[in-house]
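Work through the following exercises with the structure in view, and try each task before reading its solution.

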Amino acid sequence: KAMMAMAKLLVDKGDAAGAQARYDQVIAAEPQATYALIASGDLAQRETDYRLAKQRFEQALQLTPGDLSLQFKLIDVSLALGDTGGAEAIAAAIRKTDPLSARLVVAEGDVAKAKLLEVSVARDALRTTPKPNAADETQLAALGQQIEALYAVAVARYEAALKNAPSIDLSVKLAEVYLLGGKLTEAERELQAVLARSPYRAD
């Protein structure tokens, strides 16, 4: 307890490295300490050390199988690491156990948005091919279909989440999806609505 208290004090002081060192000591002495694993993972995620965050959350989840909060944390860090497949698999597992989860709706939107970005980048790269052949055209068509499908999922999930609990963060995410889908009018409308509520929103 004393070591955890020291870690929290260091976090409050802005000494993330020192705090992680204390968490490491607690975990080394007590590998089953889920509270220390989660605190370490949360700090690592805040400091954008997503690999450490994922490691800590996975360790904690092994000790508390089925913990939804940890699974959602893992979705977030997996997406931050570019592991859309891993994030999608976790979301699918949650849907089997808790299909009515409001957080799941947002998480599925996040996964679809991340995949939409990946496919859009692949499509744009293929479009720069100097002399596209028949195979390139076929692949472009397939990517276009994937983009349409992912766009529809992302928009549906974010719109459903916004109806349930409106938030500026969700509105920005929805606008980003509109941009990826080439829906500039819709994106501008959504962003203008965000600016009306939060004029100094940087993103």
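**Exercise 1.** Locate Thr48 relative to the helices, and decide whether Thr48 is buried or exposed.

Solution. Begin with the place in the chain: Thr48 sits in the loop between H3 and H4, where helices are DSSP runs of H or I with at least four residues, numbered from the N terminus. Next, take the backbone, where Thr48 has a positive phi of about 60 degrees although it is not a glycine. Finally, apply the cut-offs for accessibility, by which buried means under 20% relative accessible area, exposed over 50%, and partly exposed in between, with a 1.4 Å probe and protein chains only. Thr48 has 52% relative accessibility and therefore counts as exposed.

Two remarks apply to every exercise here. The model is predicted, so that local features need pLDDT of at least 70 and side-chain atom pairs count only at pLDDT 80 or more, while totals for chains, interfaces and linings use all residues. Residues are numbered from 1 along each chain as its sequence is written, and side-chain values use heavy atoms, with hydrogens and water left out.

**Exercise 2.** Describe the largest nonpolar core, and state which helix gives the largest share of this core.

Solution. Start from the term: a nonpolar core is a set of buried Ala, Val, Leu, Ile, Met, Phe, Trp, Tyr and Cys residues joined through side-chain atoms within 4.5 Å. The largest such core has 33 residues, and Tyr23 and Ile75 have the most contacts inside it. Then ask where the residues come from: H1 (2-13), H2 (16-29), H3 (34-46), H4 (50-63), H5 (68-80), H6 (84-97) and H7 (102-127) each supply at least two, and the largest share, six residues, comes from H5. A second, separate core of 19 residues includes Ala112, Leu126, Leu140 and Leu162.

**Exercise 3.** Find the contacts of Ile75 and of Gln71, leaving aside neighbours within four places in sequence.

Solution. Contact means heavy atoms within 4.5 Å. With those neighbours set aside, Ile75 touches Ala87, Ile90, Ala91, Ile94, Ala107 and Val111. Turning to Gln71, which lies in helix H5, the corresponding partners are Leu61, Gly66, Ile90 and Ile94. Gln71 counts as buried because its relative accessibility is 10%.

**Exercise 4.** Determine how H6 and H7 are oriented to each other, and which residues make their contact.

Solution. First, the axes of H6 and H7 come within 10 Å and cross at roughly 155 degrees; axes are lines fitted to C-alpha atoms, for helices over the stretch in contact, and angles run from 0 to 180 degrees between N-to-C directions. H6 and H7 are therefore roughly antiparallel to each other, since angles over 145 degrees count as roughly antiparallel, under 35 as roughly parallel, 65 to 115 as roughly perpendicular and the rest as oblique. The residues in contact are Thr84, Ala87, Glu88, Ala91, Ile94 and Arg95 of H6, together with Leu104, Glu108, Val111, Ala114, Lys115 and Glu118 of H7.

**Exercise 5.** Carry out the orientation step for H8 and H9.

Solution. H8 (residues 134-164) and H9 (residues 168-180) pack at an angle of about 160 degrees, with their axes 10 Å apart. H8 and H9 are therefore roughly antiparallel to each other. On the H8 side the contact includes Tyr151, Ala154 and Val155, and on the H9 side it includes Leu170, Ser171 and Lys173.
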